[in-house]
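Q: I'd like a close look at one part of this model: the aromatic side chains. Please walk me through them and their setting, with the reasoning spelled out.

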Amino acid sequence: MFGSGYEIEEETGLLEEGNPRSEQIELSIRKKFHKHIFSKFAKAINTYQLLQEGDRVAVCISGGKDSMLMAKCFQELQRHRKFYFELLFLVMDPGYHTANRRQIEQNAQIMNLPLTIFETQIFDAVDQIEKSPCYLCARMRRGYLYSKARELGCNKIALGHHYDDVIETILMGMLYGGQVQTMMPKLHSTNFEGMELIRPLYLVREADIKHWRDYNGLHFLQCACHFTDACFNNGNGEMYSKRQEVKELIQSLKATNPYVEGNLFKSVENVNLSTIIAYKQNGQKHHFLDTYDTEDVLNAVQEKKLDKKNV
């Protein structure tokens, strides 16, 4: 389904004793950023039941700020764990330029992250695609990560999507997809039986991740894809995209409504199906007219009227 297999598997960034830079980074997570990063990381783990005893989690590292921070938070969590679980720090090289690959390995050494790296030719395969290459690339990456993680004995993969990714996805779905949906904190894989995807940074704000990165003087990959190397640049060093448009829209709305981000996040927790024209569940579409005149609905209306009279 996802093309050719893997080429090379290697380990790098092996743990070093007495790494002062790594110790400083870890201390910042425990102290300065405990409230805004680590406590929210732990809260997501608990709230959405992302970890269970005996799990072996492939922490998927792309080389960006989000996944690298997630890896350090997992290390910190494991030090204080209440039950046994295993971690594997997994990097898929989809065809990075040499400098980008080197930067990931150097950051792993700085941060004391023992990486397991494997190679694919995803970038080469997607280079030939003109329509929706980013979607295809993401699908292929996910498939390779699931497959490799399962091969290495893992039952879960962890991705570094954060709170801002979640609310942007909600709005993007509405504005560009004509649908109401969200990025879930965990998912069962549909193609790899027994595998799950989890998102432990689900409650962590991107601004706090950037603050942590800058505080520690760290430099991560932004987007190392072949397409973004040649894409339109908006003059600020950031790639202009639909997601960037939505980021800017949310910021403009926040100027007049400081609660807009929280309200977007809560909107998919407070869905009232009785006020929805139609919805899909397990691939089946349900329309409000399907039950509009049913006896149960009419009874419910009558009960509400009686309740109001008795108040």
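A: Let's start with the whole protein: it exposes about 18,000 Å², and carbon and sulfur atoms supply 51% of that area. Keep in mind that this is a predicted model. The protein has 311 residues, of which 40% count as buried. Its secondary structure comes to twelve helices and nine strands. As for contacts between residues at least 6 apart in sequence, 77% of them join residues at least 24 apart.

Now the rings. Taking two rings as a pair if their centres lie within 6.5 Å, the count is ten aromatic pairs. One of them is Trp212 with Phe220: the ring centres are 6.1 Å apart and the planes meet at 10°, so this pair is stacked. The cut-off behind that label is an angle under 30 degrees. Both partners, Trp212 and Phe220, are buried.

Phe288 and Tyr292 make a pair with another geometry: their planes are at 80° and their centres 5.9 Å apart, which puts the pair in the edge-to-face class. Here the angle to beat is 60 degrees. As for exposure, Phe288 has a relative accessible area of 33%, so it ranks as partly exposed. Tyr292, at 48%, is partly exposed too. The bracket for that label runs from 20% to 50%.

Phe288 also gives us a handle on a bit of chain further back. Thr275 sits 13 residues away from Phe288 along the chain, and their C-alpha atoms are separated by 8.4 Å. Thr275 belongs to the loop that links helix H11 (260–267) to strand E8 (278–281). With a relative accessibility of 58%, Thr275 is classed as exposed.

Some rings gather in a group: Tyr48, Tyr163, Tyr202 and Phe265 form one aromatic cluster. A charge comes into play as well, since Lys32 lies over the face of Phe33, 5.9 Å from the ring centre. That fits under the 6 Å limit for a charge over a ring.

One tyrosine takes us to the surface. Tyr176 joins Met174, Leu175, Val180, Leu249 and Leu253 in a nonpolar surface patch of about 550 Å². Two elements, helix H7 (163–177) and helix H10 (242–254), each give two or more residues to the patch. H7 contributes three residues, the largest share. Leu175 is part of helix H7. Its relative accessibility is 47%, so Leu175 counts as partly exposed. That value also passes the patch cut-off of over 30%.

For a contrast with Leu175, try another leucine that has an aromatic neighbour. Leu197 lies in strand E7 (residues 196–198). At 0% relative accessibility, Leu197 counts as buried. Leaving out residues up to four places away in sequence, Leu197 touches Tyr146 along with Arg142, Ile157, Leu159, Pro185, Lys186 and Leu187. For Pro185, twelve residues from Leu197 along the chain, the C-alpha separation from Leu197 is 8.2 Å.

So, to pull the ring story together: Trp212 and Phe220 are stacked and buried, whereas Phe288 and Tyr292 are edge-to-face, with Phe288 partly exposed and Tyr292 partly exposed as well.

Technical notes: Residues are numbered from 1 along each chain as its sequence is written. This is a predicted model: local features need pLDDT of at least 70, side-chain atom pairs count only at pLDDT 80 or more; totals for chains, interfaces and linings use all residues. Side-chain values use heavy atoms; hydrogens and water are left out. Rings of Phe, Tyr and Trp (its six-membered ring) pair if their centres lie within 6.5 Å; planes under 30 degrees apart count as stacked, over 60 as edge-to-face and the rest as tilted. Buried means under 20% relative accessible area, exposed over 50%, partly exposed in between (1.4 Å probe, protein chains only). A charge sits over a ring if NZ of Lys or CZ of Arg is within 6 Å of the ring centre and within 35 degrees of the ring normal. Patches are made of residues with over 30% relative accessible area and no salt bridge: like charges are joined within 9 Å, nonpolar side chains (Val, Leu, Ile, Met, Phe, Trp, Tyr) within 5 Å. Accessible areas come from the Shrake-Rupley method with a 1.4 Å probe; for residues, only the protein chains shown count as cover. A salt bridge is a side-chain nitrogen of Lys or Arg within 4 Å of a carboxyl oxygen of Asp or Glu. Helices (H or I, at least four residues) and strands (E, at least two) are DSSP runs, numbered from the N terminus. Contact means heavy atoms within 4.5 Å.
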